[in-house]
Amino acid sequence: MIGWLKNLLGGGAAVGRLSPAEAYEKARAGAIILDVRTPLERKEGKIPGSQALPLDKLASEWEKLPKDKEIICQCRSGARSAQAARFLAAKGYKVYNLVGGLEAWKQHKLPVK
């Protein structure tokens, strides 16, 4: 893909994809689960220990995130978190997207608070 087009479409930086089980293990090993849903969505249920940073605030607050930890982006279904993951990867973070989001996490019977 042409460089400028790749940048325009958000391509370029590598983003890993994790299943809920893989994300759970990475989080247990110290990775941050970054919940990019709205505060209202988080009130309905969240992954214990996850950190909130709504997608609409990511562009202005991303620098608060530690560069020395892996980050797993998470939303309800995996679409918004994929956007967040691409954004953070372009900023130099080691980042993953939780495939299927919180819905897949729940289907795998992993903890929700």
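Of the 113 residues of the protein, 37% count as buried. The model on display is a predicted one. The tour starts with the whole chain and then proceeds through selections.

**The whole chain**

Display the protein as a cartoon. Six helices and five strands are present, and along the sequence they follow the pattern α-β-α-β-α-β-α-β-α-β-α. Next, display the surface. The accessible surface is about 6,600 Å², and carbon and sulfur atoms account for 53% of that area. For an impression of how the chain folds back on itself, consider contacts between residues at least 6 apart in sequence: 66% of these join residues at least 24 apart.

**The largest nonpolar core**

Select Leu-34, Leu-58, Leu-65, Ile-71, Cys-73, Leu-88 and Val-95. These residues have the most contacts inside the largest nonpolar core, which has 16 residues. The elements that give two or more residues to this core are β2 (32-35), β4 (71-74) and α5 (79-90). Which element supplies the largest share of this core? That element is α5, with four residues.

Now center the view on Val-95. Beyond its neighbours within four places in sequence, Val-95 is in contact with Ala-14, Val-15, Gly-16, Ile-71, Cys-73, Ala-85, Leu-88 and Ala-89. Apart from the largest core lies another, of eleven residues, including Ala-23, Ala-31, Ile-33 and Leu-102.

**Helix α5**

Select residues 79-90, which form α5. At 1.5 Å a residue, the twelve residues of this helix should span 16 Å; the C-alpha atoms at its ends are 17 Å apart, which agrees.

Within α5, color Ser-81, Ala-82, Ala-84, Ala-85, Leu-88 and Ala-89, which are buried. Why do these residues lie on the same side of α5? They cover an arc of only 165 degrees around the axis, which puts them on the same side of the helix. As background, an α-helix has 3.6 residues a turn, so residues three or four places apart point the same way. Add β2, α4 (55-61), β4 and β5 (95-98) to the view, since these are among what covers the buried residues of α5.

Select Ala-82, a residue of helix α5. Ala-82 has 17% relative accessibility and therefore counts as buried, the cut-off being under 20%. Draw a distance from Ala-82 to Asn-97: the two residues are 15 residues apart along the chain, and their C-alpha atoms are separated by 5.6 Å.

Then move to the residue Gly-92, which follows α5 and has a positive phi, near 100 degrees.

**Strand β4 and its cysteines**

Select Gln-74, which is in strand β4. Is Gln-74 buried or exposed? Gln-74 is buried, with a relative accessible area of 0%. Apart from neighbours within four places in sequence, the residues in contact with Gln-74 are Ile-33, Leu-34, Asp-35, Val-36, Arg-37, Ile-47, Ser-50, Ser-81, Leu-98 and Leu-102. Ile-33 and Leu-102 have already appeared on this tour, among the residues of the eleven-residue core.

Next select Cys-73 and Cys-75 and show their side chains. Cys-73 is buried, with a relative accessible area of 0%, and Cys-75 is also buried, at 1%. A disulfide is a covalent bond between the sulfur atoms of two cysteines. How many disulfides are counted in this model? The count comes to zero. Cys-73 is in no disulfide, and the nearest cysteine sulfur, that of Cys-75, is 9.1 Å away. Seen from Cys-75, the closest cysteine sulfur is in Cys-73, and the separation is too far for a bond.

**The loop between β4 and α5**

Select Ser-77, found in the loop between β4 and α5. Ser-77 is partly exposed, with a relative accessible area of 36%. Not counting residues up to four places away in sequence, Ser-77 touches Gly-100 and Gly-101. A further distance may be drawn to Trp-105: Ser-77 and Trp-105 are 28 residues apart in sequence and 9.6 Å apart in space, C-alpha to C-alpha.

**The segment after α6**

Finish at Lys-109, in the segment after α6 (101-107). Lys-109 counts as exposed, at 73% relative accessibility. Most residues other than glycine have a negative phi. Lys-109 is not a glycine, yet its phi is positive, about 60 degrees.

Definitions and conventions. Residues are numbered from 1 along each chain as its sequence is written. This is a predicted model: local features need pLDDT of at least 70, side-chain atom pairs count only at pLDDT 80 or more; totals for chains, interfaces and linings use all residues. Side-chain values use heavy atoms; hydrogens and water are left out. A nonpolar core is a set of buried Ala, Val, Leu, Ile, Met, Phe, Trp, Tyr and Cys residues joined through side-chain atoms within 4.5 Å. Buried means under 20% relative accessible area, exposed over 50%, partly exposed in between (1.4 Å probe, protein chains only). Contact means heavy atoms within 4.5 Å. The expected span of a helix is 1.5 Å times one less than its number of residues. The arc is that of the directions from the helix axis to the C-beta atoms. Accessible areas come from the Shrake-Rupley method with a 1.4 Å probe; for residues, only the protein chains shown count as cover. A disulfide is a pair of cysteine sulfur atoms within 2.5 Å.
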